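Biologist: I should like to examine this structure with you and ask how each term is justified.

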Amino acid sequence: MHSHHEPAQHGHGGDGHGHQGHSDHGHGGSHGNPEDLDAYIARLEDPARDEWQRPDAVVAALGLRRGQTVGEIGGGPGYWSLRLARKVGPAGRVYAVDVEPRLLEVLRQRLEERKVGNVTPVLGLPEDPLLPVASCDLVLLVNAYHHLPDGPAYLRRLARALRRGGRIVNADFHKRETPVGPPVEERVSREEFLAGARRAGLVPVAEHGFLSYQYCVTLRLRRALRRR
Ligand SMILES: C[S@@+](CC[C@H](N)C(=O)[O-])C[C@H]1O[C@@H](n2cnc3c(N)ncnc32)[C@H](O)[C@@H]1O
């Protein structure tokens with residue numbers, strides 16, 4: 001994704017990445033985002049994205065209950081945050097973490113327009129979501145893990161943000177050519193992700209295979225499982 005001279009998204013898309021192509025991760029835009037944020041937001045929020053992203057199925061698979069607290073990492077303008085907010089209801093809370101203040105500002109406007117009161121935008125640091133310790137029943141990352149400068153270190157911080165019994169769910173693009181998604185060389189394979197998760201003391205406890213272009217893995221703390 002990420003570069004201003006990466007070819008524009010064509011056909012069905014809305015992954016926010018544009019089609020496969022040349023990229024200069026780390027240059028031009030920031031945090032792996034392209035410079036033209038308006039076009040980026042339009043791609044992330046493109047209704048055509050729903051066809052392959054299947055947001056309703058993903059949110060249903062999270063098994064959230066009303067009143068729960070979710071941390072969303074790299075939430076951007078709110079494709080997931082707004083859906084999660086509906087799911088946990090007014091007694092629940094969504095911490096919508098991002099490192100890009102301009103995307104959080106767009107999210108804030110949307111929260112105001114829609115009178116959504118249970119989403120807290122959080123300006124994180126690149127290596128730290130700045131979530132309170134033991135605050136989340138679930139942490140969700142979609143299309144975001146491959147942006148993190150040090151994934152396993154970040155997962156360790158996320159593990160601390162989990163409440164007892166809490167889970168981390170990560171959905172990200174398979175490391176192979178797909179009709180949408182970031183350039184293959186920027187992706188993190190499922191195996192690499194799982195190896196990083198293990199190093200962070202997390203183990204996979206479930207996996208959903210219904211997304212064509214992405215893996216979707218649920219993790220729990222290894223020591224929490226031993227305690228049960
Ligand atoms: C491809 S977008 C995905 C947005 C959203 N998760 C979705 O699926 O629509 C990646 C997001 O991750 C954010 N991001 C990049 N590096 C990050 C970091 N170190 N910590 C938190 N968010 C980050 C970007 O600003 C961007 O909003």
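Biologist: At roughly what angle do the axes of helix 6 and helix 7 cross?

Modeller: In this predicted model, local features need pLDDT of at least 70, side-chain atom pairs count only at pLDDT 80 or more, and totals for chains, interfaces and linings use all residues. Residues are numbered from 1 along each chain as its sequence is written, and side-chain values use heavy atoms, without hydrogens and water. The axes of helix 6 (residues 151-161) and helix 7 (residues 190-199) cross at roughly 50 degrees and come within 8 Å. Axes are lines fitted to C-alpha atoms, for helices over the stretch in contact, with angles from 0 to 180 degrees between N-to-C directions.

Biologist: Why are helix 6 and helix 7 called oblique to each other?

Modeller: Angles under 35 degrees count as roughly parallel, over 145 as roughly antiparallel, 65 to 115 as roughly perpendicular and the rest as oblique. The angle is roughly 50 degrees, and helix 6 and helix 7 are therefore oblique.

Biologist: What makes helix 1 and helix 5 oblique to each other?

Modeller: Helix 1 (residues 37-44) and helix 5 (residues 101-113) pack at about 55 degrees, with axes 11 Å apart; they are therefore oblique as well.

Biologist: How do you know that Asn 33 has a polar contact with the ligand?

Modeller: A polar contact is a pair of N or O atoms within 3.5 Å. An N or O atom in the side chain of Asn 33 is 2.7 Å from an oxygen atom of the ligand, so the pair meets that limit. A polar side-chain atom of Arg 49 also lies 2.7 Å from a ligand oxygen atom.

Note on methods. A polar contact is a pair of N or O atoms within 3.5 Å; within protein, one must be able to donate a hydrogen and the other to accept it, and residues adjacent in sequence count only if both atoms are side-chain atoms. Helices (H or I, at least four residues) and strands (E, at least two) are DSSP runs, numbered from the N terminus.
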